[in-house]
Amino acid sequence: MTEEFTHERHQMVERQIRARGVSDTRVLSAMRDLPRHLFVPPGLRAASYGDHPLPIGSGQTISQPYIVAVMTELLEVEPEDRVLEIGSGSGYQAAILGKLAHEVWSIERLPEIADMARQNLATVGAENVHVVAANGTLGLPEHAPFDAIIITAGTPSVPQPLFDQLADGGRLVAPVGGRELQFLVVYTRQGDEIIHRSWGAVCFVPLIGRHGWEEGDLVL
């Protein structure tokens, strides 16, 4: 795999992620190893390791590295876990999860973005990550239950089908709130009960679908 931007990648982990309190060694190692620049458009690769999100086309973005790290740490992924991601984007978050979990299923609403994610994941050899072009708010009941579920788009509330597909003891991380501002919430299933805690304010593109936002919804 290319060694381009190795120094920038290591500096990203140390200055943007570890310095802000992310301490899970597996998460730090995954982000240190994975070439983020291969998941952004060629013209933006010089900015790949900056402390900000970047556009990837079709109104979508690749999240700020720090937010990727935080959400991944909050998800508490174990090596034997099966993970569901809602919102593939360019595939970067899925590839990070693929380094930590046994298997990752990722759903992307836009076929052209799903194709991009598949190509990027193939480039880095993420063979345990599968991308499906579908309505992410419905999840993938045919592959449930999942030990961990992550939503990488802002949602007014967590779609019930995703709670239904979460295994007992499983964790779900999602940005929940309005179209412009959300709070990152961690949910844990304990039998029939779902407990939750909030991490802090974030801003994601909206989750579109039957159990998310409608295309014509006004910004709140």
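Visitor: Where does Phe204 lie in this predicted model, and is its side of the chain buried or exposed?

Guide: Burial is read from relative accessible area, and a residue counts as buried when that value is under 20%. In this predicted model, Phe204 lies in the segment after strand E9, and with a relative accessibility of 8% it counts as buried.

Visitor: Which residues does Phe204 touch, once residues up to four places away in sequence are not counted?

Guide: A contact list shows which parts of the chain come together around a residue. For Phe204 that list consists of Ser63, Ile67, Met71, Thr152, Ala153, Gly154, Pro175, Arg179 and Gln182. As for a residue that is elsewhere, the C-alpha atoms of Phe204 and Ile113 are separated by 16 Å, with their positions 91 residues apart along the chain.

Visitor: How should I read the pairing of E8 with E9, and how many bridges does it have?

Guide: One looks at the sense of the pairing, the bridges and the turn. Strand E8 and strand E9, the latter covering residues 193-202, pair in the antiparallel sense over nine bridges, and within this pairing Val186 stands opposite Arg197 in E9. The two strands form a hairpin with two residues between them, and Gly191 in the turn has a positive phi of about 65 degrees.

Visitor: Which strand is joined to E8 by seven bridges?

Guide: That is strand E7, residues 166-177, which runs antiparallel to E8, residues 182-190. Leu172 has Tyr187 in E8 as its bridge partner, and E7 and E8 form a hairpin with four residues between them.

Visitor: What does the hairpin of E1 and E2 look like, and which residue in it takes a positive phi?

Guide: Here strand E1, residues 54-57, is joined to E2 by three bridges, and the two run antiparallel; the bridge partner of Gly57 in E2 is Gln60. Two residues stand between the strands of this hairpin, where Ser58 takes a positive phi near 55 degrees.

Visitor: Why would one single out a positive phi or a cis peptide bond when reading a backbone?

Guide: Most residues other than glycine have a negative phi, and most peptide bonds are trans, so departures from either pattern are worth noting. Ser58, in the loop between E1 and E2, is a residue other than glycine with a positive phi, and at 43% relative accessibility it counts as partly exposed. Glu76 is not a glycine either, yet has a positive phi of about 55 degrees; it is found in the loop between H3 and strand E3 (82-86), and with a relative accessible area of 43% it is partly exposed.

Visitor: Where is the cis peptide bond, and what is its omega?

Guide: The peptide bond from Ala144 to Pro145 is cis, with omega near 5 degrees, and Pro145 lies in the loop between strand E5 (129-133) and strand E6 (146-151).

Visitor: In strand E6 there is also Asp147; what is its relative accessibility, and which residues is it in contact with?

Guide: At 24% relative accessibility, Asp147 counts as partly exposed. Leaving aside neighbours within four places in sequence, Asp147 is in contact with Glu80, Asp81, Arg82, Leu166, Ala167, Gly170 and Arg171. The C-alpha atoms of Asp147 and Pro111, which are 36 residues apart along the chain, are separated by 26 Å.

Visitor: Is Gln64 buried or exposed, and where is its place?

Guide: The place of Gln64 is in the loop between strand E2 (60-62) and helix H3 (65-75). Its relative accessible area is 19%, and because the cut-off for burial is under 20%, Gln64 is buried. Beyond its neighbours within four places in sequence, Gln64 is in contact with Arg20, Arg36, Asp51, His52 and Pro53.

Visitor: How many helices and strands does the protein have, and how compact is it for its length?

Guide: The protein has six helices and nine strands. Its radius of gyration is 16 Å, close to the 17 Å that the globule rule gives for 220 residues, so the protein is as compact as a globular protein of that length. Along the principal axes, its C-alpha atoms fill a box of roughly 45 × 35 × 30 Å.

Visitor: What do burial and contacts add when taken over the protein?

Guide: Buried residues make up 53% of the 220 residues. Of the contacts with a separation of 6 or more, 57% are between residues 24 or more positions apart.

Technical notes:
Residues numbered from 1 in each chain as written. Predicted model: local features only at pLDDT ≥ 70, side-chain atom pairs only at ≥ 80, totals over all residues. Heavy atoms only, no water. Rg over C-alpha atoms; globule rule 2.2 N^0.38 Å. Buried < 20%, exposed > 50% of the residue type's maximum accessible area, 1.4 Å probe, protein only. Contact = heavy atoms within 4.5 Å. Pairing = 2+ DSSP bridges.
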